[in-house]
Amino acid sequence: MKVFTVEDVKKHDQNSDLWMIINGRVYDCTNYAPDHPGGAEVLMTVAGADGTEGFNDIGHSKEAKEQLEGLVIGTVEGAKTMTVVEEAQPQGQSQSSSAKSTAPSTSKEIPMPTHQNRRLIVLAIIIVLLLVLIMYPIDPIITEIERLEQLVREQDSMSTVMNRNRTAGDSFGGLGT
Ligand code: HEM
């Protein structure tokens with residue numbers, strides 16, 4: 001497979017000539033762009049550049065990754081990881097010719113957080129919160145609040161009565177002088 005430099009890829013940043021790097025491999029998306037379900041514009045944002053983050057962030061389906069494989073034209077000099085695309089490679093297609101030719105032998109697979117993963121995390125947090133809410137005894141708290149409210153009300157009415165008495169006393173005093 002052909003090896004390109006990042007500079008080579010940069011030159012192909014037009015609608016009519018649209019290359020991008022994803023996980024260290026170079027893809028010619030020129031013909032695919034008009035059919036991209038997410039729109040051609042979004043592909044233009046990474047035209048001639050590295051679209052790995054954008055591609056992984058969306059959490060593209062296995063089918064999308066397989067389609068991507070059909071567009072590969074080479075690899076990038078010194079590329080480190082191509083985990084996501086390797087996952088989707090059709091069976092029987094050797095990884096060694098592409099991946100190992102550019103990836104250092106020590107490179108590790110870095111799992112990228114996808115939208116689906118994030119959705120799962122948010123869902124898990126919501127479930128935990130709900131469980132805490134269900135398990136936490138909320139009734140005693142409500143009773144305590146009601147008791148405090150009652151106390152405040154009693155104090156209010158007592159101070160109103162005392163004020164009234166004081167006013168009455170004042171008017172008697174006023175009469176005496
Ligand atoms: C040539 C590379 C690409 C291919 C083959 C491809 C393929 C696809 C496919 C098949 C879908 C439909 C949903 C799915 O099956 O996952 C899709 C949706 C989408 N793609 Fe791509 N994609 C590519 C690159 C990119 C890049 C680089 C970005 C972002 C910078 C991107 C952003 C999106 C968005 C925003 C959607 C819509 C997601 C939604 O509506 O939920 N794609 N893509």
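Colour the chain by pLDDT, the predictor's confidence in each residue on a scale from 0 to 100: the mean over the chain is 80, and 76% of the residues reach 70 or more. This is a predicted model, in which local features need pLDDT of at least 70 and side-chain atom pairs count only at pLDDT 80 or more, while totals for chains, interfaces and linings use all residues. Residue numbers start from 1 along each chain as its sequence is written.

Among the elements of the chain, strand E2 (residues 13-14) has the highest mean pLDDT, 96, and helix H6 (residues 96-102) the lowest, 39. Select residues 87-110 next, where the pLDDT is below 50 and where the model has 36 contacts beyond near neighbours in sequence, a contact being a pair of residues whose C-beta atoms, placed from the backbone, lie within 7 Å. Where pLDDT is low, the predicted coordinates should not be read in detail.

Now switch to a cartoon, which should show 8 helices and 5 strands, taken as DSSP runs (helices are H or I with at least four residues, strands are E with at least two) and numbered from the N terminus. From that terminus on, the elements follow the order β-α-β-β-β-α-α-α-β-α-α-α-α. Of the contacts with a separation of 6 or more, 69% join residues 24 or more positions apart.

Select strands E3 (17-22) and E4 (25-28) for the largest nonpolar core, which has 17 residues, with Trp19, Met20, Val26 and Tyr27 touching the most other members. Each of these two strands supplies at least two residues of the core, and E3 gives the largest share, 5 residues. Such a core is a set of buried Ala, Val, Leu, Ile, Met, Phe, Trp, Tyr and Cys residues joined through C-beta atoms within 7 Å, where buried means 20 or more other C-beta atoms within 10 Å, exposed 12 or fewer, and partly exposed anything in between. Buried residues make up 19% of the 177 residues in the chain.

Centre on Val26, whose contacts, leaving aside residues up to four places away in sequence, include Phe4, Trp19, Ile21 and Ile73. Moving to Ile73 brings you to strand E5 (residues 72-76); Ile73 is partly exposed because 14 other C-beta atoms lie within 10 Å. With the sequence neighbours again left out, Ile73 touches Lys2, Val26, Tyr27 and Asp28, and its C-alpha atom is 7.9 Å from that of Arg25, 48 residues away along the chain.

In the loop between E3 and E4, pick Asn23, which has a positive phi of about 50° although it is not a glycine. Asn23 counts as buried because it has 27 C-beta neighbours inside 10 Å.

Turn next to the ligand and display the 21 residues that surround it, of which Gly38, Gly51, Gly54, Ser61 and Ala64 are the closest; a residue is near the ligand if its C-beta atom, placed from the backbone, lies within 6 Å of it. Helices H2 (40-44), H3 (52-58) and H4 (62-69) each supply at least two residues of this shell, and H4 gives the most, with 4 residues.

Within helix H2, select Met44, which counts as partly exposed because it has 16 C-beta neighbours inside 10 Å. The C-alpha atoms of Met44 and Thr30 are 10.0 Å apart, with the two positions 14 residues apart in sequence numbering. Finish at residues 120-138, where an unreviewed UniProt entry places a "transmembrane region".

Technical notes
Contact = placed C-beta atoms within 7 Å. UniProt positions renumbered as here; feature names shortened; annotations may be inferred.
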